[in-house]
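Please walk me through this structure, starting with its overall make-up and then taking its parts in turn.

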Amino acid sequence: MRVGQTLAGLMNATLGNAVELIVAIIALVQCQLKVVQASLVGSILSNLLLVLGMCFFAGGMKFSEQGFGVSVTQLNSSLLTISVIAVLLPAAFHFTAGDAIADPKESNDILAVSHGAAIILLFIYGSYLVFQLFSHKDLYDDKNEDNFVSTRYAKRAKKDKKAKEEKAAAAAAANGNGVVGNGNNDSPSHSITGDAYVTSPSTSRSATPEPIPAARHDVESPTNVDSEDEEEETPQMSVPLTIALLVTVTVLVAVTAEFLVDSIDGLTSSGHISKEFVGIILLPIVGNAAEHVTAVTVSVKDKLTLSLGVAVGSSIQIALFVIPFIVTLAWILGKPLSLLFDPFESIVLFLSVIVVNYTVQDGKSNWLEGVILMSLYLILAVVFWYYPGADEIQQLLTC
C-alpha cells in the first residue's frame, strides 16, 4: 500500500527468502552440503509450481481470467532460464569431461567454474534490480498498458434476465411519464418525475429529451472488474512498528532455523525419509509458508502482479542471488560447495521452468493453469519420495 505492488513483492520475496538463506548458511557451516543444494532447488520448485499454481487457482475461482504484464513475464522467464543453465553446465562438464580429467583436478575445475558463474549471476541480479527499480520501473507499473485486464465470470442466466427486465421496466416508466407540457403555459416549469430529465415552458414540445440515466441495476459486464473490489486499503501498522516486527521475526527465525537443521539427521536416520525429500519438499514448504499465504491472498483480490512478484520474483532471487551468494560464501569458508547439483534435480528444475514459461507466456491466467502447476508439483513430490540421490555427486560434496 505504501510502496506499490512491485516493490512490495520484492520486499516480500526478500524477507521470505531470508528463512532459506539462514537455513542454508547454518547447513553450510555444519557441512551438510547436500541439504543446502536440495533446499535451494526445492524453494525454486515450490515457488514456481505450488505457490504460483495456488495463486492461479485461487484467483481463477473469482475471475474468469487474470491479467499481468507479458513483457515482464518473458523477462522473468529469461532470467530463470539463464540461472538454470548455470546450474546445468557444471553437471554437463562433469559427465562429458570427467573421464578425461583426474578426480582431484576435476573437483577443483568444477569449483573454479562454479565460482566464476556465481559472480556473473550476482552481477546479473544486480542489473535486474536496477532495471526493475530505476531504468524501467514504468514497465512494472500496475497500470501499464502492457497488462491485460482481469475479467469476471458472466452472471447466471437467471440473474441476467432479471436485471434486463428491471432495466426495461425502468425505461418504460420513464417513457410513459415523459410527455412534455400539458397545454397550460402558466406553470413556471414542467418537471418530469422518475429522474429522467427536467424541461421548462420555453422548451418545444417536439424537443428531444436528454438521455435517461442508466438504470440502477446494470448487468455486470464479463470483461470488467467491479469498482467495489478496488476499494483503497489503508495501512494498519506504522512504519516503526513494522520494522520492529521484521527484526524480531528475523531473530526468531535465525534461532529456530538452527534447531530445524539439527533435526534433519534425526528425521532421516530411520531411512524412511530421504534427505532429498526433506530438502526438496519439506523445508521449502515450511520455510516459505508465510509468503505462500500472502501470494494466494492477494491473488484473490486481483493483485496478481504482487503474487507474481512473490512467487516468480522469489524464484529469481534464489536462482540469481541466494545460490550464487551461498557458493561464494562457501568459497570464503573453504567449503567444497559448487553449482554441480544433482543431475536429476537439475533436469527437474529445467523442465519446471519450461512448463511455467509456457503457462504465463500469454499474460493471462485461469484456474486450470493453476491445477496443472500444482499437479506437477505433486508428481515431483511422489518422485522425490522414492529418489535415493546420486552417490557419485555426493562424493564430491564432502568436506
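The paragraphs below go from the whole chain to one helix, a small sheet, the nonpolar core and three single residues.

The model is a predicted one. Its protein chain holds 12 helices and 5 strands. Of the 399 residues in the chain, 43% are buried. Among contacts in the chain with a separation of 6 or more, 82% are between residues 24 or more positions apart.

Helix H11 makes a useful worked case. The helix covers residues 367–386, and at 1.5 Å a residue its 20 residues should span 28 Å; the C-alpha atoms at its ends are 30 Å apart, which agrees. At the start of H11, the backbone nitrogen of Leu368 has a side-chain oxygen of Asn366 within 3.1 Å.

Which residues of H11 are buried? They are Glu369, Gly370, Leu373, Met374, Tyr377, Leu380, Ala381 and Phe384. Because these residues cover an arc of only 130° around the axis, they lie on the same side of H11. The spacing fits a general rule: an α-helix has 3.6 residues a turn, so residues three or four places apart point the same way. On the other side of H11, the exposed residues are Leu378, Val382 and Tyr386. The cover over the buried residues of H11 includes three helices, H2 (33–60), H7 (275–287) and H10 (343–360), together with strand S5 (364–365).

Strand S5 also belongs to an open sheet of 3 strands, ordered S2-S1-S5, with antiparallel pairing. S2 (151–152) and S5 are the edge strands, and each has a single partner strand, so one side of each has no neighbour in the sheet. Strand S1 (residues 63–67) is joined to S5 by 2 bridges, and the two run antiparallel. In this pairing, Gly67 is opposite Lys364 of S5.

Next comes the interior. The largest nonpolar core has 83 residues, and those touching the most other members are Leu28, Val36, Leu52, Phe56, Ile323 and Ile326. In soluble globular proteins, nonpolar side chains tend to be buried together. Taking Ile323 as one of these core residues, its contacts beyond four places in sequence are Leu40, Ile44, Ile318, Leu339 and Phe341.

Three single residues complete the picture. Phe277 sits in helix H7, one of the elements that cover the buried residues of H11. With a relative accessibility of 10%, Phe277 counts as buried, because the limit for that class is under 20%. Beyond four places in sequence, Phe277 touches Leu282, Ala381, Phe384 and Trp385; Ala381 and Phe384 are among the buried residues of H11. Phe277 is also 9.3 Å from Ser39, C-alpha to C-alpha, although 238 residues separate them in sequence.

Ser314 is part of helix H9 (residues 304–333). Is Ser314 buried or exposed? Its relative accessible area is 0%, so Ser314 is buried. Apart from neighbours within four places in sequence, Ser314 is in contact with Ala13, Asn17, Asn47, Glu291 and Gly309.

Asn108, in helix H4 (residues 103–135), has a relative accessible area of 49% and is therefore partly exposed. Asn108 and Ser338 lie 230 residues apart in sequence, while their C-alpha atoms are 9.8 Å apart in space.

Terms used. Residues are numbered from 1 along each chain as its sequence is written. This is a predicted model: local features need pLDDT of at least 70, side-chain atom pairs count only at pLDDT 80 or more; totals for chains, interfaces and linings use all residues. Side-chain values use heavy atoms; hydrogens and water are left out. Helices (H or I, at least four residues) and strands (E, at least two) are DSSP runs, numbered from the N terminus. The expected span of a helix is 1.5 Å times one less than its number of residues. Buried means under 20% relative accessible area, exposed over 50%, partly exposed in between (1.4 Å probe, protein chains only). The arc is that of the directions from the helix axis to the C-beta atoms. Contact means heavy atoms within 4.5 Å. A polar contact is a pair of N or O atoms within 3.5 Å; within protein, one must be able to donate a hydrogen and the other to accept it, and residues adjacent in sequence count only if both atoms are side-chain atoms. Two strands pair if DSSP finds at least two bridges between them. A nonpolar core is a set of buried Ala, Val, Leu, Ile, Met, Phe, Trp, Tyr and Cys residues joined through side-chain atoms within 4.5 Å.
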